[in-house]
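Here is a short report to read alongside the sequence and the model. Take a moment to turn the structure around, and then follow the headings below.

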Amino acid sequence: MSVARNLLAILRGDSDADRTVPPTGFTARLTLFSAAAMSFLAVFALALSLATGRLADRWSSELARSATVRISAPAGQEEAQVRAAVRVLETTPGVASFRVLDMAEQRALLEPWFGPDLPLDSLPIPQMIEVIEDASGYDAGGLRLRLQAEAPGAVLDDHTRWRRPLVRAADRLRMLGIVSILLIVATTAAMITLAANAALAANAQVIRVLRLVGARDVYIARAFVRRFTLRALSGATVGTVFAMLAVALLPSAAQEGGFLTGLGFQGAHWLWALCIPLLVAFVAFWATRLAALSTLKELN
Amino acid sequence: MIELKDVSYSYGGGELLSSISLTLAPGSFHFLTGPSGAGKTTLLKLCYGDLHPTAGRISLFDEDVRAMDRDAIARLRRRVGVVHQDCQFLDHLTLAENIALPLTVSGRDVASQQANLADLLGWIGMSEQTGSLPPQLSGGERQRAALARAVIMDPDVIVADEPTGNVDWEMSLRLLTLLVELNKMGKTVLIATHDLNLIRSAKAQVAARVLRIRNRQIQLAGADL
Ligand SMILES: Nc1ncnc2c1ncn2[C@@H]1O[C@H](COP(=O)(O)OP(=O)(O)OP(=O)(O)O)[C@@H](O)[C@H]1O
Ligand SMILES: [Mg+2]
């Protein structure tokens, strides 16, 4: 589209058009600084969203296979109790499916702890039933009572359930991160619009002369747009690089449980951070262009 | 080329110009004179689309000024070279860059016009000052530079508002000769001036008509000049 062409033209540059508008030292530095600061913040907001997103995904996928029913009954009663528990589970609303694990599976589960040569047959290992709940979930208290009545050796273990509110919190945190990024982008647009308007007002005389000698509005606008886009791009690049360094240098601790230590980028997510300078440049391009064209239109 | 029909203009108070009709044919040479404050500058501005008439109709190159958008006005200014009474330049660019500015902003290749630029600078007697900044120039030098800037685009029409107001008689004649030469090449010329001597010397070189603003109207001045 023409945006891409415009951006390319801007990067290629037009030294003549550039010279027609005098350089402005102070606003230039302010724009650079704002773009850098905003990008720095945006990188952190992005890291927050991605990290909480990862956390929420991991936790909720663990939630899906959360509960187990463990049956340890005296020898001989075991099979009867498993059947009873199965009957209970079959009639429990909120249970999507369940599966009685066979010996091989149980052995695989225990292997990391006890090694491969575990003589399972000779050990009194409880029988496991994996319970998968549906979206609405089941009433854990009710299920426990019924299991107790039908199969006294059955214990419902839903230890990952406590994570459910945490997943909600992580989801909310991800939302907040995204909202923060949007706010940062909007603020960048507002700041660049203000800076562009200041530059346009300061150069009213230049604009008048350019119009007198036959410059079209887009020509004049381009001189400003190019400047602000390049400034925003370079400021944002510096801010992003510093923020990425800061994220990379975060002390890394345990993999699990550490929400704070998980705050960082993984793999391709680093590329998302690199998009921030481009996004800021894009925002600067449009903010300046709209500001310039509307200011010029109001001039006589 | 430039045509005014029943044109009136007021800045908000009373009418400054009333029901003026005027046609500038291609290749013509006109002077515009009248007392200070009569509306010469105003009339010129109407002729190059800087002001819109409060009544009547103006067409420039067969286009109604009211129908022209900002880009059309910009294109018009490349065909009409204007010397403003208060010459304005870009103070951060050199004299040479300022004179070449119309080429720059219209996307022409300035480098290929260097010979032209040097000729023009020689004609206005400012070859030595190409690197000067406009604030370093005298009033007369600024006027000469403004004339050079007005003609660098090789426009069809040249409108000059008091182009000799601040220069000595010798330089006035030199600038007049430049305008007469351009007119002989087929350009339409319109000059506002107080200087009756300038008008007289022009009449010796070219078939110039003299318009005078009096009582908000335009009169064709006779041989009494
Ligand atoms: N922008 C403006 N707003 C209001 N009044 C104006 C404006 N420009 C000019 N005038 C008034 O219009 C009248 C004519 O001005 P104009 O500049 O056309 O005169 P002029 O004939 O060019 O005078 P001079 O010979 O001194 O240059 C003057 O009385 C002036 O005060
Ligand atoms: Mg005047």
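## Where the two chains meet

In this predicted model, the contact draws 22 residues from chain A and 19 residues from chain B. On the side of chain A, Arg211(A), Leu212(A) and Val213(A) lose the most area to chain B, together 32% of what that side buries. Between them, chain A and chain B bury about 2000 Å², and carbon and sulfur atoms carry 54% of that area. The size of an interface is often given in this way, as the accessible area lost when the parts come together.

Polar features are part of the picture too. There are 2 salt bridges between chain A and chain B. Asp217(A) pairs with Arg70(B) in a salt bridge whose closest N and O atoms are 2.5 Å apart. The two chains also share 6 residue pairs in polar contact, with both residues at pLDDT 80 or more.

Which elements give two or more residues to the side of chain A that touches chain B? They are helix 2 (15–20), helix 8, helix 9 (217–248) and helix 10 (269–298) of chain A. Helix 8 of chain A gives the most, with 7 residues. By type, the residues on this side of chain A divide into 11 nonpolar, 4 polar and 7 charged.

## Helix 8 and its partner across the contact

Helix 8 of chain A spans residues 204–212, and its buried residues are Val206(A), Ile207(A), Val209(A), Leu210(A), Arg211(A) and Leu212(A). After the helix comes Gly214(A), with a positive phi near 100 degrees.

Now look across to Arg77(B), which sits in helix 2 (residues 70–79) of chain B. Is this residue, Arg77(B), buried or exposed? With a relative accessible area of 11%, Arg77(B) is buried, because the cut-off for that class is under 20%. Neighbours within four places in sequence aside, Arg77(B) is in contact with Arg211(A), Leu212(A) and Gly214(A) from chain A, and with Tyr48(B), Gly49(B) and Asp50(B) from chain B. Two of these partners, Arg211(A) and Leu212(A), are among the buried residues of helix 8.

## Chain A as a whole

Chain A contains 10 helices and 4 strands. Read from the N terminus, its elements follow the order α-α-α-β-α-β-α-β-α-β-α-α-α-α. Of its 300 residues, 42% count as buried. Chain A exposes about 16200 Å², with 66% supplied by carbon and sulfur atoms.

Among the contacts in chain A with a separation of 6 or more, 85% join residues 24 or more positions apart. For a pair at long range, try Gly137(A) and Ala96(A): they are 41 residues apart along the chain, and their C-alpha atoms are separated by 8.6 Å. Gly137(A) belongs to the loop between strand 3 (127–133) and helix 6 (140–150) of chain A, and at a relative accessible area of 18% this glycine is buried.

## Two positive phi angles in chain B

Phe61(B) is not a glycine, yet its phi is positive, at about 50 degrees. You will find Phe61(B) in the loop between strand 4 (55–60) and strand 5 (63–64) of chain B. Its relative accessibility is 14%, so Phe61(B) counts as buried.

Asp154(B), also a residue other than glycine, has a positive phi near 55 degrees. Its loop runs between helix 6 (139–151) and strand 7 (157–161) of chain B. Asp154(B) is partly exposed, with a relative accessible area of 49%.

Notes. Residues are numbered from 1 along each chain as its sequence is written. Chains are lettered from A and ligands numbered from 1 in the order in which they are written. This is a predicted model: local features need pLDDT of at least 70, side-chain atom pairs count only at pLDDT 80 or more; totals for chains, interfaces and linings use all residues. Side-chain values use heavy atoms; hydrogens and water are left out. Buried means under 20% relative accessible area, exposed over 50%, partly exposed in between (1.4 Å probe, protein chains only). Contact means heavy atoms within 4.5 Å. Accessible areas come from the Shrake-Rupley method with a 1.4 Å probe; for residues, only the protein chains shown count as cover. Buried area is the accessible area (1.4 Å probe) that two parts lose on being put together, summed over both. A salt bridge is a side-chain nitrogen of Lys or Arg within 4 Å of a carboxyl oxygen of Asp or Glu. A polar contact is a pair of N or O atoms within 3.5 Å; within protein, one must be able to donate a hydrogen and the other to accept it, and residues adjacent in sequence count only if both atoms are side-chain atoms. Ala, Val, Leu, Ile, Met, Phe, Trp, Tyr, Cys and Pro count as nonpolar, Asp, Glu, Lys and Arg as charged, and the others, Gly among them, as polar.
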